[in-house]
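Biologist: I should like to learn how the features of a model such as this one are read. May we take them one at a time?

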Amino acid sequence: MRTLDQTTQEVVDLAARHFNVAVGTLAPSDDFFKKLGIDSLQALELLSRLENHFGIELPDYEVQGVSDFRTLAERIQSRL
Amino acid sequence: MKSFSGKALRWEWRDGVVELTLDRAPANEIGTAMLADLEQFAAAIKSLEADTSACIISSAQKRGFSAGADLRELYHGAIALPGKERNAGVRGFVERSHAVANAIDAASFVTIAAVHGVCFGGGLELALTCDVIVADKMARFAFPELRLGLIPGFGGIPRLKRDLGNAFVRDLLLTGRSVNATRAQAVGLVAQLAGEGESLKVARATAAQIAKFDATTRAIAKKFLKPIPYAELKQEIEIFCELFARPAVLAALKKFVESTDAMPYLP
């Protein structure tokens with residue numbers, strides 16, 4: 001079973017690849033909306049990518065108010 | 001009419017297949033322009049039926065199939081009118097939408113929704129009028145209407161209940177959450193999954209297969225397989241219009257329209 005740190009790293013790496021930014025430029029504490037310059041529909045694209053990758057469903061109401069990768073990873077971790 | 005190009009969509013007939021492409025930036029929101037063009041298509045269905053085995057509905061907008069009703073247009077249109085006129089205006093729009101949905105649902109040719117990206121609200125209702133939904137793996141489906149104090153108003157609930165188990169229908173409607181294409185296939189909403197960006201290709205292959213069979217048999221089988229819940233659809237109109245008249249709905253629409261929140265789709 002993944003640790004939270006592993007999950008967080010996978011989330012960051014997936015986001016970097018999905019939005020085509022260099023892996024390593026994103027940090028777990030980054031606000032992904034501001035750092036990536038994305039809107040809500042693009043955030044839902046990332047959610048699909050994460051759900052497919054981790055094999056989970058993550059209701060979007062569980063990520064309401066979540067804007068950093070670490071907290072997002074915590075939500076994912078609770079579904080693994 | 002074998003081809004058409006409007007403000008919000010276009011269609012082209014070729015070799016027995018109609019390809020209808022939704023194309024109104026940013027996400028094929030369903031407002032007056034989209035509805036007017038869909039009404040053109042609904043009116044053309046009878047003339048297309050004799051030579052058409054399948055119709056594929058897809059989107060040229062990157063964001064997805066359709067994000068649903070044009071809430072900004074709905075809100076600004078609603079506040080411009082006093083109460084009774086506002087409610088009558090909404091009823092008129094909803095009844096026109098239902099007429100379009102019923103016409104597509106009842107077409108004798110097979111209809112295939114090729115979905116990518118967001119397929120929310122009215123967009124999902126349009127997809128549900130189709131016989132087959134093909135979705136790429138990144139597609140998402142939702143009925144977020146309860147977040148606005150409404151229910152789906154373009155025929156979504158009766159059609160969703162027609163296709164799926166009620167437990168999932170309750171989860172989707174009562175939480176307003178979105179689900180990914182993989183889950184949507186698992187519950188039977190999506191018939192076929194496609195790779196990212198491949199939903200139209202898969203839909204075309206599906207249409208080619210459908211075209212092989214006898215047209216009369218196909219039309220009769222479709223009508224038998226997919227009854228249209230007219231009574232429940234009429235009931236949905238009444239419930240929607242009753243809910244829309246509540247002040248809470250305009251307040252929720254105002255909040256959505258004025259939101260600077262990063263994720264305005266969430267409650």
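Modeller: This is a predicted model. Let us begin with the contacts in chain B between residues at least 6 apart in sequence: 77% of them join residues at least 24 apart. For chain A, the share of such contacts that join residues at least 24 apart is 55%.

Biologist: Which helices and strands does chain B have, by number, and what does its radius of gyration indicate?

Modeller: Chain B has eleven helices and eleven strands. Its radius of gyration is 18 Å, close to the 18 Å of the globule rule for 267 residues, and chain B is therefore as compact as a globular protein of that length. Along the principal axes, the C-alpha atoms of chain B fill a box of roughly 55 × 35 × 35 Å. Of its 267 residues, 44% count as buried.

Biologist: How should a sheet be read, and what is the order of the open sheet of four strands in chain B?

Modeller: In general, the strands of a sheet pair through backbone hydrogen bonds, in either a parallel or an antiparallel manner. Here the order is E5-E7-E9-E10 in chain B, and the pairing is mixed. Strand E5 (64-66) and strand E10 (178-180) of chain B stand at the edges; each has a single partner strand, so one side of each lacks a neighbour in the sheet. On average, and with direction ignored, neighbouring strands of this sheet are turned by 20° against each other.

Biologist: How many bridges join strand E7 to strand E9 of chain B, and do they run parallel or antiparallel?

Modeller: Strand E7 (residues 118-120) and strand E9 (residues 140-142) of chain B run parallel and are joined by three bridges. One pair of bridge partners is B:Val118 and, in E9(B), B:Arg140.

Biologist: What is the pattern of chain A along the sequence?

Modeller: Chain A follows the pattern α-α-α-α, with four helices and zero strands. Its radius of gyration is 11 Å, which agrees with the value near 12 Å that a compact globule of 80 residues would have. The C-alpha atoms of chain A fill a box of roughly 30 × 25 × 20 Å along the principal axes, and 26% of the 80 residues count as buried.

Biologist: Where do the two chains touch, and which helix of chain A gives the most to that side?

Modeller: In this model, 15 residues of chain A are in contact with 19 residues of chain B. Helix H3 (residues 40-54) of chain A gives the most to the side that touches chain B, with eight residues. By class, that side of chain A has six nonpolar, five polar and four charged residues. H3(A) lies across E7, E9 and E10 of chain B and runs at about 45° to E10(B).

Note on methods: Residues numbered from 1 in each chain as written. Chains lettered and ligands numbered in written order. Predicted model: local features only at pLDDT ≥ 70, side-chain atom pairs only at ≥ 80, totals over all residues. Contact = placed C-beta atoms within 7 Å. Nonpolar A, V, L, I, M, F, W, Y, C, P; charged D, E, K, R; others polar. Rg over C-alpha atoms; globule rule 2.2 N^0.38 Å. Buried ≥ 20, exposed ≤ 12 C-beta atoms within 10 Å, placed from the backbone. Pairing = 2+ DSSP bridges. Axes fitted to C-alpha atoms, helices over the stretch in contact; angles between N-to-C directions.
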